[in-house]
Amino acid sequence: MTLIATRQSIYDRARTLDAQTPFLAVDTERVIESYHRLLNSVPRAEIFYAVKANSHVAIVGALAEQGSSFDVASQAELEKALDLGATPDRIICSNPIKNARLLTLCSEQNVFAVVADSVDEIYKIARHAPGMRVYIRLSVDNSGAVVPLDKKFGVSGEQAAELLILARDLGLEPIGLSFHVGSQCVKAENWARAIAECGTIWRAVAAHGINLYFLDLGGGYPIHTDPSVPTFCDIGQAISDAIAEYIPETPNLRVILEPGRAMVGDAGVMALTVVGKAQRGEKTWLYLDSGVFNGLMEVIEGFSYPVFTDDVEAERTATYTLAGPSCDSFDTIMRDVALPPMSIGDRLYFINTGAYTTEYASNFNGFSIPSVEVL
């Protein structure tokens, strides 16, 4: 197991921090670097950072200073983005289900646009945010994603066209389409297929006098963990080719990316301490001061994190089951993890933990959420 150079740097600095575990060390310079790499991956693309991935003020503030736009899902995220320097025209709401208060606030603050994927949501938007710009979310192929997102949200192409027409008829401004290929998607062709479907809808609603210009490609860009994972450039090329082939000529076309994990995932390293050790049959268990409920919830969705110790070169001659500190047996992080021999008081460092860790975390059983240490 090796560390990519940028992560090595974050890991090295995390090890030297004089901070009590559990903590998440975050490198905002790495976030900014990822922002520009993504921005350059698709010509004329705009980045609307998905605040849900990591809403720490240092991250949102740094991105606002870089000129990033933001995708928010709640009143709290909207207010944070505005407070930290984002202007309303640089904010969209891609949460398909919004309460009335959020819609009213979006309208009052002149947020650029909101998404919908149901008849009821269109009527709700028309009532609480009259005249609002609206885009419709499609359900697209999520194969190749660690976490598929195609069941809870999204509609078919035919339904999308109907919703765009309904929005227009209710006095809203239908502007485009969106989709999400699933979190940590490793199939660049999924974006291309989804864009092809968007092109079909684009042409269909044009026949009804609706001229779309907003193409929201959602999130899903993966952290580049090994050579089998496509790079930002690989995916960007597939996107650019698909837009050229499938989207009708649109002089004012806006191409939107909503990265979350790809922006902050590999900018974080979580440091935990071994607080207990036990032999359970043939298995040796290490109990850490944070676990599934307090910061590593994504392990139950299929994610695994590279794990290192204070000595990155130490020989991994032992195998452990890693668990959190709570009394719940569900709080098991990883099994059969090869590590150097470990003792109570030793530290472990979980790589690629900048996204969806402290955001998901709770104080279940009274155990603390990891603090955030900005490098």
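**Strand pairing, helix 2 and a nonpolar surface patch**

In the predicted model, Val-134 has Pro-174 of strand 8 as its bridge partner. This pair belongs to the region in which strand 6, covering residues 133–137, runs parallel to strand 8 and is joined to it by 5 bridges. Strand 8, which comprises residues 173–178, also pairs with strand 10 (residues 214–216), again in the parallel sense and over 3 bridges; here Ser-178 stands opposite Asp-216 of strand 10. Strand 8 is mostly covered, with 5 of its 6 residues classed as buried.

Helix 2 extends over residues 28–41, and its 14 residues, at 1.5 Å a residue, should span 20 Å, a value with which the computed separation of 20 Å between its end C-alpha atoms agrees. At the N-terminal end of helix 2, Asp-27 acts as a cap, a side-chain oxygen of this residue lying 3.0 Å from the backbone nitrogen of Glu-29. The buried residues of helix 2 include both polar and nonpolar side chains, namely Thr-28, Arg-30, Val-31, Ile-32, Ser-34, Tyr-35, Leu-38 and Ser-41.

On the surface, Val-119, Tyr-123 and Leu-170 form a nonpolar patch, and the accessible area of these residues together is about 260 Å². Tyr-123 lies in helix 6, which comprises residues 119–128. Because its relative accessibility is 46%, and thus falls between the limits of 20% for buried and 50% for exposed residues, Tyr-123 is counted as partly exposed.

Technical notes. Residues are numbered from 1 along each chain as its sequence is written. This is a predicted model: local features need pLDDT of at least 70, side-chain atom pairs count only at pLDDT 80 or more; totals for chains, interfaces and linings use all residues. Side-chain values use heavy atoms; hydrogens and water are left out. Patches are made of residues with over 30% relative accessible area and no salt bridge: like charges are joined within 9 Å, nonpolar side chains (Val, Leu, Ile, Met, Phe, Trp, Tyr) within 5 Å. Accessible areas come from the Shrake-Rupley method with a 1.4 Å probe; for residues, only the protein chains shown count as cover. A salt bridge is a side-chain nitrogen of Lys or Arg within 4 Å of a carboxyl oxygen of Asp or Glu. Helices (H or I, at least four residues) and strands (E, at least two) are DSSP runs, numbered from the N terminus. Buried means under 20% relative accessible area, exposed over 50%, partly exposed in between (1.4 Å probe, protein chains only). Two strands pair if DSSP finds at least two bridges between them. The expected span of a helix is 1.5 Å times one less than its number of residues. A polar contact is a pair of N or O atoms within 3.5 Å; within protein, one must be able to donate a hydrogen and the other to accept it, and residues adjacent in sequence count only if both atoms are side-chain atoms.
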